[in-house]
Amino acid sequence: MPRKHLVASQTNKKQQLQAKLWQKLAREIKAASRVGGPNPDANPRLKAAIDKALDNNLSWESINRNMNGSAKDEAELSTKEFECYGPNGLQIVINTLTDNVNRTISNINGYLSKLHAQIAKINSVKIFFDNVGYIVVYKDPNINVDQIMNWTLSYEIIDIIEQEDAIEIKTSPKDFSAVKHVLLDNKCRIYSAQITWIAQNPITTLDEDTKNRLETFTNLCDEDADIQWVVTNYQPQE
């Protein structure tokens, strides 16, 4: 049986990660509202941010506060993306929302050094990724690919891929939220849903040292409140 202090430490760690996730979600809502306006029906980025926040139990009070924040608060945050190269053909895109760019760059350089990676030139990495809405639903005997195609005929669907235990749906970013809600209305069980960057030519293998370094790197990024998300071209085979 684990000792009480170990259980308490694990609980505190989980609570800290949850608090940082909520902070990231709130920042994204604030930034999306600033860029595209506070009406989620006319702002796909804001709609996606609100859906993700609700999925992660962020309160409506916090959502509304950040969606309708003051101009002063909004101006404190800036969006910046970093494109990076790592060992073994690893490609990385890091998205940040920060009130201190110099601090964020310093932290990212520190994380990258542990991975033996470095920041690359603008558009030297992102050209190998596609920006899509990416939804994964659990396989269900009562739901098939043809049905999903019929339900989503009115939307821009890039691809639908049937896997052994799931169905992957790629949409245009603007139709992501609408497609997600259509799937929910038709009783699909969603495993994950997000607007993200997906590698055009993913790599499936890394040596053990690089895999361990990549895990450390992603954990550090998850814990950093300035980093919204990280995507790589590493897609291990199941």
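Me: Two strands pair if DSSP finds at least two bridges between them. In what order do the four strands β1, β2, β3 and β8 stand in their open sheet?

Reply: The model is predicted: local features need pLDDT of at least 70, side-chain atom pairs count only at pLDDT 80 or more, and totals for chains, interfaces and linings use all residues. Residues are numbered from 1 along each chain as its sequence is written, and side-chain values use heavy atoms, with hydrogens and water left out. Strands (E, at least two residues) and helices (H or I, at least four) are DSSP runs numbered from the N terminus. The pairing is antiparallel and the order is β3-β1-β2-β8.

Me: Which strands stand at the edges of this sheet?

Reply: An edge strand here has a single partner, so one side of it is left without a neighbour in the sheet. That applies to β3 (118-119) and β8 (227-232).

Me: Which residue in β3 is the bridge partner of Tyr 85?

Reply: β1 (residues 78-85) pairs with β3 in the antiparallel sense over two bridges. In β3, the partner of Tyr 85 is Gln 118.

Me: How do α5 and α8 run relative to each other, roughly parallel or roughly antiparallel?

Reply: α5 (residues 101-115) packs on α8 at about 165°, with the axes 8 Å apart; axes are lines fitted to C-alpha atoms, for helices over the stretch in contact, and angles run from 0 to 180 degrees between N-to-C directions. Angles over 145 degrees count as roughly antiparallel and those under 35 as roughly parallel. α5 is therefore, with respect to α8, roughly antiparallel.

Me: How many nonpolar residues are in the contact of α5 with α8?

Reply: Contact means heavy atoms within 4.5 Å. Residues of α5 including Tyr 111 and Leu 115 meet residues of α8, among them Leu 214 and Phe 217. By class, one residue in this contact is polar and two are charged, while the nonpolar ones number seven.

Me: In the sheet β5-β6-β4-β7, which residue in β6 stands opposite Tyr 138?

Reply: This open sheet is antiparallel, and its twist averages 20° from one strand to the next. β4 (residues 129-138) and β6 (residues 166-171) pair over six bridges. Opposite Tyr 138 stands Ala 166.

Me: How far apart are the closest N and O atoms of Lys 47 and Asp 51?

Reply: The two residues lie four apart in helix α2 (residues 44-55), which means about one helical turn separates them. They form a salt bridge, defined as a side-chain nitrogen of Lys or Arg within 4 Å of a carboxyl oxygen of Asp or Glu. The whole structure has 12 salt bridges. In the one between Lys 47 and Asp 51, the separation is 3.9 Å.

Technical notes. Angles under 35 degrees count as roughly parallel, over 145 as roughly antiparallel, 65 to 115 as roughly perpendicular and the rest as oblique. Ala, Val, Leu, Ile, Met, Phe, Trp, Tyr, Cys and Pro count as nonpolar, Asp, Glu, Lys and Arg as charged, and the others, Gly among them, as polar.
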